[in-house]
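Visitor: I am new to this structure. Please take me through a single part of it, slowly and closely.

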Amino acid sequence: MSQPGDKYPLLFSIDSPAQLRELEHSDLALLADELRAYLIEITSRTGGHLAPGLGTIELTIALHYVFNTPDDRLVWDIGHQAYPHKILTGRRDQFHTIRQYKGLSGFLKRSESVYDTFGAGHASTSVSAALGMAVAARQENKNREVVAVIGDGALTGGMAFEALNNAGDLDANLLVILNDNEMSISPNVGAISNYLSRILSGHAYTTVREGSKTVLSTLPPPVKDYARRWEEHLKGMVMPSTLFEELGFYYIGPIDGHDLKTVIAMLKNMKDLEGPRFLHVITQKGKGFEPAEGDPCVFHGVTPFNPDTGKMEVKKKGRSYTNVFSDWLCDMASADERLIGITPAMREGSGLVKFSEQFPDRYFDVGIAEQHSLTFAAGIACEGLKPVVAIYSTFLQRAYDQLIHDISIQNLDVLFAIDRAGLVGADGATHAGVYDYSYLRCIPGMVIMAPADEAECRDMLYTGYTHTGPTSVRYPRGGGPGKKERKEMQLIPVGKSQRLRDSASKTVAMLAFGTMVQPSMAVAADLDATVINMRFIKPLDEDAVVEMADSHSLLVTIEENVIMGGAGSAINECLARHGKHVPVLNIGVPDRHLEHGSQQQQLAEIGLDVAGIKSQILESLSAFGLVKRKISSIKVVN
Ligand SMILES: Cc1ncc(C[n+]2csc(CCOP(=O)(O)OP(=O)(O)O)c2C)c(N)n1
């Protein structure tokens with residue numbers, strides 16, 4: 001039987017970057033070919049991020065070839081483009097487990113490998129982290145190189161500029177590589193992106209640089225240094241300096257990031273220099289795989305696909321909450337011309353494609369700039385228009401002060417459509433949307449809703465849009481129970497829950513939030529429990545909570561959010577406030593970071609699936625001595 005090594009002999013002869021560094025220069029092109037083919041073959045089965053990694057194959061090889069990793073520090077931004085890095089740093093044989101339960105993470109993780117110098121998943125952190133490492137090396141007199149690789153998309157994040165600003169001033173020994181492919185997930189946006197394109201089209205600059213680079217590479221260091229200064233001088237006379245030079249970086253580029261020879265030569269040159277350096281590399285997202293080159297946006301993240309044609313497996317999926325939001329947004333925008341739709345660089349993921357096509361003048365992709373997106377919305381709301389910020393739960397974390405300082409304190413009318421709330425599956429801990437109840441709940445005036453089904457989601461969005469002040473609707477990745485929305489939108493009374501099921505024994509009352517309503521109904525049928533769809537995390541339906549406390553023996557709160565400070569905590573506080581002493585079981589996400597896997601695997605791991613919820617309730621009933629006393633009528637099915 002043929003082994004993978006037969007197909008990729010060179011790649012399978014390399015188990016570490018140290019071995020890579022022993023290869024002849026002339027072998028590297030073949031290695032790039034094998035690495036690319038291997039990446040395509042494996043991701044065609046596993047799914048995951050594809051186009052970003054295809055664009056960084058040569059850069060990855062060159063970096064590990066030139067730098068002495070892991071002692072020299074290589075910091076990738078986000079980490080979704082680092083699959084080739086994973087394969088070359090001892091994880092080739094486990095690569096087929098990527099993003100799967102107990103398998104390799106789809107992002108960078110310090111606990112996974114010494115080569116993953118900084119854990120990531122969110123954008124725009126690499127320059128800050130690398131700068132910190134460079135400063136630490138200086139403090140400790142360690143002679144090591146630190147390299148940050150950041151995409152042009154991630155460069156739209158303010159944090160990247162905060163770090164560049166700081167680095168230029170600290171004169172840190174740091175190399176920043178801009179991996180410029182003109183794409184974020186969708187085409188990149190913003191003035192910096194336009195500026196980068198202008199640099200790219202500045203042929204004169206490249207030509208001079210290309211010439212000088214060849215000369216520089218052949219010179220001994222002291223002469224090279226002199227020549228570099230001379231070149232700098234000449235450059236200053238004939239052409240404007242780049243933004244990065246103004247910030248204190250020695251800038252080289254743009255160079256072709258797929259030309260291994262050039263990239264290696266440039267890296268070697270820059271390695272010999274000191275201080276803040278900036279290498280501008282042009283790559284093509286999806287390079288070497290025609291379907292991905294043709295549609296890098298679709299191939300940014302893929303489901304399993306046919307490696308010959310690129311055709312992806314279409315799983316029969318129901319309607320997602322993202323679709324519900326997408327339709328609602330267009331319907332609402334048709335009804336109210338004040339509506340403005342805003343996304344921080346997540347047009348596809350957040351369901352704004354249709355809106356951007358139908359209402360281009362009211363659509364704003366502001367870049368990977370969550371903080372800005374909120375204050376931008378605040379400004380729009382100040383003028384009487386109606387901003388809707390479509391944002392993932394995990395990315396809203398980035399904009400917390402803007403939420404309080406710019407929106408809540410001024411009680412501005414901003415609706416947050418919070419997608420990917422709860423457990424997100426394969427993206428894992430960095431993307432978990434399990435904190436929003438807790439971090440939103442303590443903000444005065446914030447309305448927080450969580451729908452139990454698609455129809456309720458649409459009505460909640462409408463309710464939030466109509467309400468005065470900041471409001472949010474948080475919904476999960478994927479679909480719900482499949483309840484068809486009514487075209488006609490209905491207001492939901494703010495702060496009112498909905499009783500879905502009455503128990504005869506009045507032993508257990510399940511107070512369920514959002515995604516947990518459906519499994520609660522399944523459990524309740526077995527345990528004869530009362531079920532309340534709480535609908536609002538804030539304002540909480542206190543009357544319902546008190547009524548349940550007065551009439552039932554055990555209250556069970558259930559949420560897909562961390563237990564700490566979440567919806568269950570809100571109920572605990574309410575009970576304390578009303579002097580109710582009733583046993584309470586808080587079910588939710590425990591106080592630890594959850595590994596990646598499918599959403600179902602994650603839910604099962606922490607007891608948030610039907611079986612887990614049921615067994616926690618049964619345990620609690622027995623711990624509180626309620627089983628014999630009250631629920632003799634309950635048919636306990638194990
Ligand atoms: C703070 C934050 N917001 C949004 C995202 C979602 N996201 C993942 S990759 C990506 C695009 C990154 O573009 P770029 O840095 O240019 O890398 P490329 O994929 O083009 O190689 C976005 C927006 C994120 N990871 N982090």
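Guide: Let us look at the ligand and its shell. By class, that shell holds 10 nonpolar, eight polar and four charged residues. Keep in mind that this is a predicted model.

In total, 22 residues surround the ligand. The closest are His80, Gly153, Met183, Lys285 and Glu370. Find these five names in the sequence, then find them around the ligand.

Next, look at the oxygen atoms of the ligand. Start with Asn181. A polar atom of the Asn181 side chain lies 2.9 Å from a ligand oxygen. Asp152 also offers its side chain: one of its polar atoms is 3.2 Å from an oxygen atom of the ligand. Met183 takes part through its backbone. There, an N or O atom lies 2.9 Å from a ligand oxygen. Met183 is also among the closest residues listed above.

How much of the ligand does the protein cover? On its own, the ligand has 590 Å² of accessible area, and the protein covers 97% of that.

Now step back from the ligand to the charged pairs. A search of the whole structure finds 33 salt bridges. Here are some of them.

Take Lys142 and Glu140. Their side chains meet in a salt bridge, with N and O 3.4 Å apart. Are these two partners buried or exposed? Lys142 has a relative accessible area of 39%, so it is partly exposed. Glu140 is at 52%, so it counts as exposed. The cut-off for exposed is over 50%.

Arg319 pairs with Asp327. This salt bridge spans 2.6 Å from N to O. Arg319 is partly exposed, at 34% relative accessible area. Asp327 is partly exposed too, at 22%. A residue counts as buried under 20%, so Asp327 is not in that class.

Arg347 bridges to Glu348. The closest N and O atoms of this pair are 2.7 Å apart. With a relative accessible area of 23%, Arg347 is partly exposed. Glu348, at 29%, is partly exposed as well.

Finally, look for a linked group. Lys86, Arg91, Glu112 and Asp116 are joined in a network of salt bridges.

To retrace the path, go back to the ligand. Its shell includes His80 and Lys285. Asn181 and Asp152 each bring a polar side-chain atom to a ligand oxygen, while Met183 brings a backbone atom.

Methods:
Residues are numbered from 1 along each chain as its sequence is written. This is a predicted model: local features need pLDDT of at least 70, side-chain atom pairs count only at pLDDT 80 or more; totals for chains, interfaces and linings use all residues. Side-chain values use heavy atoms; hydrogens and water are left out. A residue is near a molecule or strand if one of its heavy atoms lies within 4 Å of it. A polar contact is a pair of N or O atoms within 3.5 Å; within protein, one must be able to donate a hydrogen and the other to accept it, and residues adjacent in sequence count only if both atoms are side-chain atoms. Accessible areas come from the Shrake-Rupley method with a 1.4 Å probe; for residues, only the protein chains shown count as cover. Ala, Val, Leu, Ile, Met, Phe, Trp, Tyr, Cys and Pro count as nonpolar, Asp, Glu, Lys and Arg as charged, and the others, Gly among them, as polar. A salt bridge is a side-chain nitrogen of Lys or Arg within 4 Å of a carboxyl oxygen of Asp or Glu. Buried means under 20% relative accessible area, exposed over 50%, partly exposed in between (1.4 Å probe, protein chains only).
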